[in-house]
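Hello,

Here is the structure I promised to pass on. Please have a look first; my notes follow below.

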Amino acid sequence: MASELMPGQKRFTVGAVAADIVLVVWFVFSLFPILWMFLLALKTPAEQTTTYFKFSPTFENFGTVLSQKGTDLTSVDFKSALLTSLINCGGAVLVSLAIGIPAAYAAGRWKYKGSNDLMFNMLSFRFAPELMVIVPLFVIYNQIGLFDTKLGMVWVLQLVTMPLVVWILRSYFEDLPEDLEQAALLDGYTRKRAFVMVALPLVRPGIAAAALLSFIFAWNNYVFPLILADSNAGTVTVAVTKFLGGGGQAYYNLTAAAAVIAALPPLILALTIQRYLVRGLSFGAVKS
Amino acid sequence: MVALTVKALTKHYGKTVGIDGIDLDVADGEFLVILGPSGAGKTTTLKSIAGLVEVDDGTVDIGGVDMTLVEPYHRNVAMAFESYALYPQKTVSENLASPLKSGRTGKYSEDEQKRRIDTVTKTLGINHLLERFPRELSNGQRQRVALGRVLVRPADVYLLDEPLSHLDAKLRAAMRAELRQLGQMSNTTTVYVTHDYQEALALGDRIAILQEGRLVQIDTPAKIWHAPADTFVARSLGQPEINVFDAAVDGAALRVLGTDLEIGIPSDITISTSAGARIGIRPCDIEIRADFSRNPGSVAVRGRIQLVERLGRNVELSIDLGGGVTMIGLSSGGPLAVEGAEIVVEVARQNIHLFEGAPEGTDSRRLGSAIAGAGRNGDGATTHAAQEDRR
């Protein structure tokens with residue numbers, strides 16, 4: 001549709017309409033599971049296996065999910081799992097930022113033989129399936145007493161988030177003209193002050209984008225908390241699936257309600273820093 | 001009171017040569033201009049002096065102290081970057097206050113800071129922009145703020161990287177004049193980088209010419225203009241560029257190949273018959289006449305004006321000397337300067353430069369001028385200022 005119309009040309013061509021239809025179909029297809037989850041979360045236990053759209057909605061399920069104390073329906077304390085998730089993911093993001101920002105700055109500014117290989121190596125942690133490392137990790141965690149601890153979860157989740165933070169922020173720092181920090185050096189500021197005073201404020205959009213993305217990645221991680229944690233450090237992703245019963249009765253409507261609740265924190269976070277995010281994602285990606 | 005000495009400064013970027021063995025001696029309070037095309041290593045030289053580039057070899061000595069390994073913030077130099085390098089998140093006044101607040105360029109009270117910023121912004125005509133952010137300024141204003149950040153505090157050495165390059169022509173000429181008059185500039189050792197030969201000639205106490213990371217010549221503007229070390233230096237100065245013709249030895253004279261332009265070889269210069277020579281004549285040094293004047297101090301040749309282009313006060317002439325040789329000349333106009341006119345081109349001997357013969361595409365060393373005695377350093381030639389005035 002971006003092309004200019006020639007005189008006498010019609011705005012709506014068959015091709016354009018067909019393209020729009022394809023887009024709408026794709027859109028419905030990809031959003032349908034989410035819609036289904038919302039509907040299911042509003043259904044009563046009696047209706048949880050039905051497929052019709054007309055039913056009397058109830059918000060009871062959310063209350064039931066949040067009041068789980070680990071004794072009644074399932075073995076899970078959902079509220080505390082939610083809190084644990086916040087602590088684990090928040091911790092992982094903070095650790096990744098604290099170490100990742102200086103690392104990204106160094107990687108962006110200091111080029112040497114093999115620096116690209118090192119960066120690529122770091123990214124390869126993300127290529128390997130988590131299941132590949134989970135067995136040795138499980139053994140190690142058991143041995144050194146990190147199993148089912150929040151510290152252990154923060155430690156393992158930052159493996160997921162750190163490469164993301166470093167890679168996103170490195171390109172931001174690379175796009176930042178070096179002259180700016182050099183000017184600060186000649187103004188009489190040390191390298192550290194120049195970094196804090198000049199470079200850091202200018203990559204704030206990048207930090208917001210990296211923090212959000214890595215928070216979502218950590219939040220959605222399933223394999224690590226499933227294997228390396230239990231009731232103490234178990235996260236919300238694992239807790240959601242507990243409503244499926246695991247041998248006992250499956251509560252599909254409660255699972256859906258739990259999933260809706262679990263999706264809220266990243267959504268709220270995304271909306272709050274959206275302003276930075278939109279600018280940030282485009283700013284870092286394209287070299288001006 | 002600070003002099004700057006740079007010895008054998010060398011910096012390679014991988015396999016690319018940044019600078020290669022640069023030696024500079026800048027006296028206290030001197031204004032040195034570094035001139036060269038892009039990629040010649042001008043900015044690298046400047047950043048090496050500032051300590052922003054880690055050099056591979058060589059030393060930087062500021063005020064008698066070896067600064068080669070000293071951090072930039074301990075060198076007490078101020079620099080204006082070609083890219084302005086203004087802090088985008090700070091206003092103009094915050095940008096200007098930055099060097100005063102670091103504590104390493106001296107201690108300044110709030111009042112003192114205000115007074116200094118006030119003085120410098122008034123001088124540069126940007127005092128109405130104090131609360132603006134760099135993104136709200138035009139390029140010319142940004143450049144002046146960048147200059148202001150240098151001038152706002154005393155420094156041992158000022159380093160200015162193309163500080164006028166983004167200004168429009170009028171403002172540039174005005175700023176060029178102002179820059180020289182700034183009291184601070186005349187008292188502080190300054191290294192000024194430019195690719196504009198007019199800036200170099202107008203501003204520099206001395207000019208250093210760089211080519212591909214090497215220092216080709218360093219001398220006063222007059223010497224550089226009248227006795228360029230080689231054809232590269234000669235071509236770097238002047239617009240239109242100097243005419244360089246290949247010439248062969250013909251008895252006791254040099255003859256520009258294919259033309260009647262013949263120049264007697266002065267007694268103090270020897271030219272090998274096999275290599276031949278090159279003859280350089282600046283467009284502004286020629287005079288067109290209706291007929292030969294038979295002036296013994298000049299060399300003359302017949303030509304035909306092919307093309308006349310008006311450049312404001314002057315006209316640029318393309319003169320066909322025959323044999324496929326075209327000479328570019330500047331003239332103030334007049335009845336002779338018309339297309340198709342048959343004229344005589346006359347050039348004073350001291351303004352004819354002789355260079356060694358060399359294959360096309362390479363530069364060659366200057367031997368002297370076409371008159372004995374005026375020789376190698378160009379003494380006795382008309383001054384550059386007089387020539388610039390004529391244009």
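**Helix α4 of chain A**

None of the 13 residues of α4(A) is buried (the number is 0), so this helix lies largely in the open. Keep in mind that the model is a predicted one. Burial here means 20 or more other C-beta atoms within 10 Å of a residue's own.

The length of α4 in chain A also checks out. The helix covers residues 115–127. Its 13 residues, at 1.5 Å a residue, should span 18 Å, and the end C-alpha atoms lie 19 Å apart, so the two values agree.

**Chain B**

Now to chain B. It holds 10 helices and 21 strands. The C-alpha trace of chain B spans about 75 × 45 × 35 Å along its principal axes. Chain B has 391 residues, and 46% of them count as buried. Take the contacts in chain B with a separation of 6 or more: 66% of these join residues 24 or more positions apart.

**Where the chains touch**

How many residues does each chain bring to the contact? Chain B gives 19 residues and chain A gives 14 residues. On the side of chain B that touches chain A, β6 (77–80) and α2 (92–101) of chain B each supply at least two residues. The largest share there comes from β6(B), with 3 residues. By class, that side of chain B has 12 nonpolar, 6 polar and 1 charged residues.

Best wishes

Terms used. Residues numbered from 1 in each chain as written. Chains lettered and ligands numbered in written order. Predicted model: local features only at pLDDT ≥ 70, side-chain atom pairs only at ≥ 80, totals over all residues. Helix = DSSP H or I, 4+ residues; strand = E, 2+ residues; numbered from the N terminus. Buried ≥ 20, exposed ≤ 12 C-beta atoms within 10 Å, placed from the backbone. Contact = placed C-beta atoms within 7 Å. Nonpolar A, V, L, I, M, F, W, Y, C, P; charged D, E, K, R; others polar. Expected span 1.5 Å × (residues − 1).
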